[in-house]
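Q: I should like to learn how to read the features of a protein model. May we take them in turn, with the general idea given before each case?

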Amino acid sequence: MSPAYKLSELSPGHSAYIYAVDEINHGARLAELGFYPGASVKALFSGVFGEPKAYMVQNTVIALRRTESEKILVNELL
């Protein structure tokens, strides 16, 4: 298994599953949006200046700022 890394580092077009979410900062909000351990997520694209980045999670496209996506650890799907 590959080591966990931040969701903000996931390249567009790649998929991963969520390993952990920082519960202290934004944890409840992110869980409501579908970002919780075990969920699959796919990086889609980013804004003109690199932010926000769009992710497909739970069949919904969600845009997150880097500060939010850095709170989510993922392992890339093989």
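A: Let us begin with burial. A residue is called buried under 20% relative accessible area, exposed over 50%, and partly exposed in between (1.4 Å probe, protein chains only). Ser69 counts as buried because its relative accessibility is 1%. Ser69 belongs to helix α2, residues 66-69; helices (H or I, at least four residues) and strands (E, at least two) are DSSP runs numbered from the N terminus.

Q: Which residues is Ser69 in contact with, leaving aside its neighbours within four places in sequence?

A: Contact means heavy atoms within 4.5 Å. By that rule, and without those sequence neighbours, Ser69 is in contact with Lys6, Leu7, Ser8, Tyr55 and Leu64.

Q: How far may I rely on these positions?

A: This is a predicted model, in which local features need pLDDT of at least 70 and side-chain atom pairs count only at pLDDT 80 or more, while totals for chains, interfaces and linings use all residues. Residues are numbered from 1 along each chain as its sequence is written, and side-chain values use heavy atoms, with hydrogens and water left out. The score pLDDT is the predictor's confidence in each residue, from 0 to 100. The protein chain averages 90, and 94% of the residues score at least 70. Among its elements, β4 has the highest mean pLDDT (96) and helix α1, residues 27-32, the lowest (86).

Q: How are the strands arranged in the sheet?

A: Strands of a sheet pair through backbone hydrogen bonds, either parallel or antiparallel. Two strands are said to pair if DSSP finds at least two bridges between them. Here six strands form an open sheet in the order β1-β6-β2-β3-β4-β5, with antiparallel pairing. Its edge strands, β1 (5-6) and β5, each pair on one side only. The antiparallel pairing of β1 and β6 runs over two bridges, and Lys6 stands opposite Leu73 in β6.

Q: Which residues have the most contacts inside the largest nonpolar core?

A: A nonpolar core is a set of buried Ala, Val, Leu, Ile, Met, Phe, Trp, Tyr and Cys residues joined through side-chain atoms within 4.5 Å. The largest one has 17 residues, and those with the most contacts inside it are Leu7, Ile18, Phe35, Val41, Leu64, Ile72 and Val74. At least two residues of this core come from each of β2 (15-21), β3 (40-46), β4 (53-57), β5 (60-64) and β6 (72-76). The strand that gives the most is β2, with three residues. Setting aside residues up to four places away in sequence, Phe35 touches several residues, including Leu7, Ile18, Val41, Leu64 and Ile72.

Q: How many salt bridges does the count come to?

A: Side chains of opposite charge can pair when their charged atoms come close. A salt bridge is a side-chain nitrogen of Lys or Arg within 4 Å of a carboxyl oxygen of Asp or Glu. The count comes to one salt bridge. It joins Arg29 to Glu68, with the closest N and O atoms 2.8 Å apart. Distant parts of the chain are thereby linked, for Arg29 lies in helix α1 and Glu68 in helix α2, 39 residues apart. Arg29 is partly exposed at 39% relative accessible area, whereas Glu68 is buried at 6%.

Q: What should I note about the backbone in the loops?

A: One item is the peptide bond between Glu51 and Pro52, which is cis, with omega about -10°. Pro52 lies in the loop between β3 and β4. Another is the sign of phi: Gln58 is not a glycine, yet has a positive phi of about 55°. Asn59 likewise has a positive phi, near 60°, and is found in the loop between β4 and β5. Asn59 is exposed, with 76% relative accessibility, whereas Gln58 is partly exposed at 45%.
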